[in-house]
Amino acid sequence: MSESITLTDAGLLPEDLLPDINHLVTEDDEPLDNLPSEKQQRLLTETLYSSWNGASNAQGFLVAANVGLFPSSKQPPIVPDVFLSLDVQVAENWWEKRHRSYFFWDFGKPPEVVIEIVSNREGNETGRKILEYARMRVMYYIIFDPTRQLRGEVLQMYELRGRQYIPMSEQWLTEVELALCLWEGAYEGKRDVWLRWCDATGNMIPTGAERAEQEHLRAEQERLRAEQEHLRAEQERLRAEQEREAKETALQRAERLAAQLRALGVEPEV
């Protein structure tokens, strides 16, 4: 087997050509991350599964945190903080080693987006990693540097052009039909500046809790609208009743006056 894996036209290797991965370390069982990064990763993954239907004409998607990307069976993986891949599905028997990580020959393609969350200067996000992701042909490379460890912008976005990344002038990721934006607010009780997925109009893709709150507010607004409609209808009924009573009162007064005139021998004019 050569150093690199060649995919078929369908994007997947036939069963008899799958590489031997028994020597690969797909997980080391030694997670070590910080609280802000963990919560940020969860915000980026949970929102898409809670409130995004995927890109148009795409058959499913996978968004994950701290999962290894294996472009070759001869190379160690690179592990982004978050990645998004379109038109892929996790295998039914995902506990099998050959399906537990993101093997390019298994999924047939690299992810469209990788995101690195910077908490120190040891990750080499603008050095080694940017070169590796370009070699993997990852379309969009995102660096979120909330404490400016890299002495650059908080949000740095790159698009693959040819064989290298070019800084993006906008935050819209055309090929995945999503944008990435900075949002200052509270997530799970912690106020900070967060990286969020957004739609084409700039609205944030909501978390499950935000979506539930939005649906609750819409239901409450609908209830208030129904109450207002009921009040308007009741006011209209009362107005009509008052007009009817006023007409009846005027008619009764006219009839009494006519009777009094007749009693005096005067025929009232009709």
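In what order do the three strands of the open antiparallel sheet stand? The order is β9-β10-β11. This is a predicted model. The report takes that sheet, then the six-stranded one, then selected residues.

## Overall content

The protein has four helices and 11 strands. Of its 270 residues, 37% are buried. Among contacts with a separation of 6 or more, 59% link residues 24 or more positions apart. The exposed area is about 17,200 Å². Carbon and sulfur atoms supply 50% of that area.

## The three-stranded sheet

This sheet is open, and its pairing is antiparallel. Strands β9 (172-173) and β11 (190-198) are the edges. Each has a single partner strand, so one side of each has no neighbour in the sheet. Strand β10 covers residues 178-187 and is joined to β11 by nine bridges. One residue pair can be picked out: Glu184 has Val193 in β11 as its bridge partner. Helix α1 packs on this sheet and touches β10 and β11. The direction of α1 makes about 35° with that of β11.

## The six-stranded sheet

The other sheet described here is also open, with six strands in the order β1-β3-β5-β6-β7-β8. Its pairing is mixed. β1 (61-65) and β8 (164-167) stand at the edges. Each of these two has a single partner strand, so one of its sides is left without a neighbour in the sheet. From one strand to the next, the twist averages 20°.

Helix α1 spans residues 35-51. The helix lies across β1, β3 (82-86), β5 and β6. α1 runs at about 165° to β1. Helix α1 thus has a place in both descriptions: it lies across four strands here, and it touches β10 and β11 in the three-stranded sheet.

Three pairings show the mix of directions. Strands of a sheet pair through backbone hydrogen bonds, either parallel or antiparallel.

| Strand pair | Sense | Bridges |
|---|---|---|
| β5 (113-117) and β6 (140-144) | parallel | five |
| β6 and β7 | antiparallel | five |
| β7 and β8 | antiparallel | four |

Ile143 gives a way to follow the sheet across. Glu116 stands opposite Ile143 in β6. In β7, the bridge partner of Ile143 is Gln156. Further along, Tyr158 stands opposite Pro167 in β8.

Is strand β7 mostly covered or mostly open? β7 (residues 155-161) is mostly covered, with six of its seven residues buried. β7 also forms a hairpin with β8, with two residues between the strands. Gly162 sits in that turn and has a positive phi of about 70°.

## Leu86 at strand β3

Leu86 lies in strand β3. What makes Leu86 count as buried? Its relative accessible area is 5%, and the cut-off for buried is under 20%. Leu86 touches nine residues beyond four places away in sequence: Trp52, Ala55, Ala58, Gly60, Phe61, Lys109, Glu112, Glu175 and Val176. Leu86 and Leu62 are 24 residues apart in sequence. In space, their C-alpha atoms are 6.5 Å apart.

## Positive phi outside glycine

Most residues other than glycine have a negative phi. Two residues in loops depart from that.

Asn66 has a phi near 55°, a positive value. Asn66 lies in the loop between β1 and β2 (69-70). With 41% relative accessibility, Asn66 is partly exposed.

Asp87 has a positive phi of about 60° and is not a glycine. Asp87 is in the loop between β3 and β4. Its relative accessible area is 42%, so Asp87 counts as partly exposed.

## A nonpolar surface patch

Which residues make the nonpolar surface patch of about 410 Å²? They are Val90, Trp94 and Trp95. Val90 lies in the loop between β3 and β4 (102-103). Its relative accessible area is 38%, so Val90 is partly exposed. Asp87 is found in the loop between β3 and β4 too.

Conventions. Residues are numbered from 1 along each chain as its sequence is written. This is a predicted model: local features need pLDDT of at least 70, side-chain atom pairs count only at pLDDT 80 or more; totals for chains, interfaces and linings use all residues. Side-chain values use heavy atoms; hydrogens and water are left out. Two strands pair if DSSP finds at least two bridges between them. Axes are lines fitted to C-alpha atoms, for helices over the stretch in contact, and angles run from 0 to 180 degrees between N-to-C directions. Contact means heavy atoms within 4.5 Å. Patches are made of residues with over 30% relative accessible area and no salt bridge: like charges are joined within 9 Å, nonpolar side chains (Val, Leu, Ile, Met, Phe, Trp, Tyr) within 5 Å. Accessible areas come from the Shrake-Rupley method with a 1.4 Å probe; for residues, only the protein chains shown count as cover. A salt bridge is a side-chain nitrogen of Lys or Arg within 4 Å of a carboxyl oxygen of Asp or Glu. Buried means under 20% relative accessible area, exposed over 50%, partly exposed in between (1.4 Å probe, protein chains only).
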